[in-house]
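Here is a set of exercises to work through with the model open beside you. Try each task before you read its solution.

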Amino acid sequence: MHEHGLVVARHRRHVTVESPGGKRVLCVAAKRRLLPVVGDEVEWSLAGDGTGTITGIGPRRSTLTRIDSRGRPELIAANLTQLVAVAAPSPAPDWIVIDHYLVAAELGSLAGAVVLNKSDLIDEPPAHLDCYRRAGYAVHSTSTRARGGIAELGAALEAQRSALVGQSGVGKSSLLNALVGDALQSTGELTVKGAQGRHTTTGTILYRLPGGGELVDSPGVRNFAPYIEDPKELQRGFREFVEYLGRCRFDDCRHLAEPQCAVKRAVEEGAICRRRYASYERLYALVASFKARAWT
Ligand code: GDP
Ligand code: ZN
């Protein structure tokens, strides 16, 4: 008999599937080609030994794809609704990293938000955060140390399936702990026993937040390099560029060295932040170099 369920954890080829009634079963995929990821809605059936076999994966409403170590796209989660880019005063923010995530969110039809953690370390938030507010992003200020802003961030995660992403050391694990709390302690059942019988947390896990909403976390999600196929897609990934698109002299304007470019004019007039535009230039070069490599 086939049952439906949600993939709430994955470690290599093993996934934990949760049925609508809350029952959790360890499953493997019936075929090698079937690659379920956390967030997938799957069809499965119980095998004789009490484990399950996944026989089908439902349509994905969104996908999170990273560039793997060989430069190829790799799916890491499905059906997320929000990416939360975390920055901190220390390590110093790399805004291109933040913008890369926000672009990935935009192109993947996910909501995007920005968090400045470790707010206890500074008096004034970086002025650049205003660029995100002006572009229409929610910007939250938190401190896991002083327990500031955690409830507000929790409220922004309600009714969403989110992932916290950002540079190493900005406090994503600390935020996860503060947000998930006791539920984090009880997820031992979710981790899969490794070859040596050790429990490992290298997998991807979906946590339910006490106030509602879900957080998907794993080392592979926290600072993943988003996969963007074509540099031409990037312009749509910068929200504040969109109203200027189609207004350049050339229809196929890349908004780089072209004359009479509406995007660059908006930068000069201050309607688009220079740093956001600088991220666009850098990401354009980055994505173009990956595309060139894919063809060789
Ligand atoms: P991750 O690599 O993004 O997961 O970051 P961690 O959660 O491991 O945190 C990195 C370091 O920053 C740790 O030493 C934390 O104790 C510290 N940290 C996390 N949140 C805060 C905060 O709000 N304020 C301060 N001052 N330090 C923090
Ligand atoms: Zn242009």
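**Exercise 1. Decide whether Asn 79 is buried or exposed, and describe its backbone.**

Step 1. Asn 79 has a relative accessibility of 4%, so it counts as buried. Buried means under 20% relative accessible area, exposed means over 50%, and partly exposed is in between, with a 1.4 Å probe and protein chains only.

Step 2. Asn 79 sits in the loop between strand S7 (73-78) and S8. Helices (H or I, at least four residues) and strands (E, at least two) are DSSP runs, numbered from the N terminus.

Step 3. The phi angle of Asn 79 is positive, about 60°, although this residue is not a glycine.

Before you go on, a word on the source: this is a predicted model, in which local features need pLDDT of at least 70 and side-chain atom pairs count only at pLDDT 80 or more, while totals for chains, interfaces and linings use all residues. Residues are numbered from 1 along each chain as its sequence is written, chains are lettered from A and ligands numbered from 1 in the order in which they are written, and side-chain values use heavy atoms, with hydrogens and water left out.

**Exercise 2. Find where Arg 147 lies and say whether it is buried or exposed.**

Step 1. Look in the loop between strand S10 (138-141) and helix H3 (150-157), where Arg 147 is found.

Step 2. Arg 147 is exposed, with a relative accessible area of 54%.

Step 3. Check the backbone too: Arg 147 has a positive phi of about 50°, and it is not a glycine.

**Exercise 3. Find the cis peptide bond that joins Ser 90 to its partner.**

Step 1. The partner is Pro 91, and omega of this cis bond is about -5°.

Step 2. Pro 91 belongs to the loop between strand S8 (82-87) and H1.

**Exercise 4. Work out what kind of aromatic pair Tyr 101 and Phe 224 form, and which parts it ties together.**

Step 1. Start with the total: there are seven aromatic pairs in the structure. Rings of Phe, Tyr and Trp (its six-membered ring) pair if their centres lie within 6.5 Å; planes under 30 degrees apart count as stacked, over 60 as edge-to-face and the rest as tilted.

Step 2. The ring centres of Tyr 101 and Phe 224 are 5.2 Å apart and the planes make 50°, so this pair is tilted.

Step 3. Tyr 101 is in helix H1 (residues 95-107), while Phe 224 is in the loop between helix H6 (219-222) and helix H7 (234-237), so the pair ties together parts 123 residues apart in sequence.

Step 4. Both Tyr 101 and Phe 224 are buried.

**Exercise 5. Trace the ring cluster that includes Phe 241, and place this residue.**

Step 1. Ring pairs join Phe 238, Phe 241, Tyr 277, Tyr 280 and Tyr 284 into a cluster.

Step 2. Phe 241 is in the loop between H7 and helix H8 (262-268).

Step 3. With a relative accessible area of 0%, Phe 241 is buried.

Step 4. From C-alpha to C-alpha, Phe 241 and Ile 272 are 7.4 Å apart in space, and 31 residues apart in sequence.

**Exercise 6. Identify the side-chain partners of Ser 162 and Ser 218.**

Step 1. Ser 162 is in strand S11 (residues 161-165), and it is buried at a relative accessible area of 0%.

Step 2. The side chain of Ser 162 makes a polar contact of 3.1 Å with the side chain of Gln 82. A polar contact is a pair of N or O atoms within 3.5 Å; within protein, one must be able to donate a hydrogen and the other to accept it, and residues adjacent in sequence count only if both atoms are side-chain atoms.

Step 3. Ser 218 lies in the loop between strand S13 (214-217) and H6, and it is buried, with a relative accessible area of 3%.

Step 4. The side chain of Thr 204 is the partner in a polar contact with the side chain of Ser 218 (3.2 Å).
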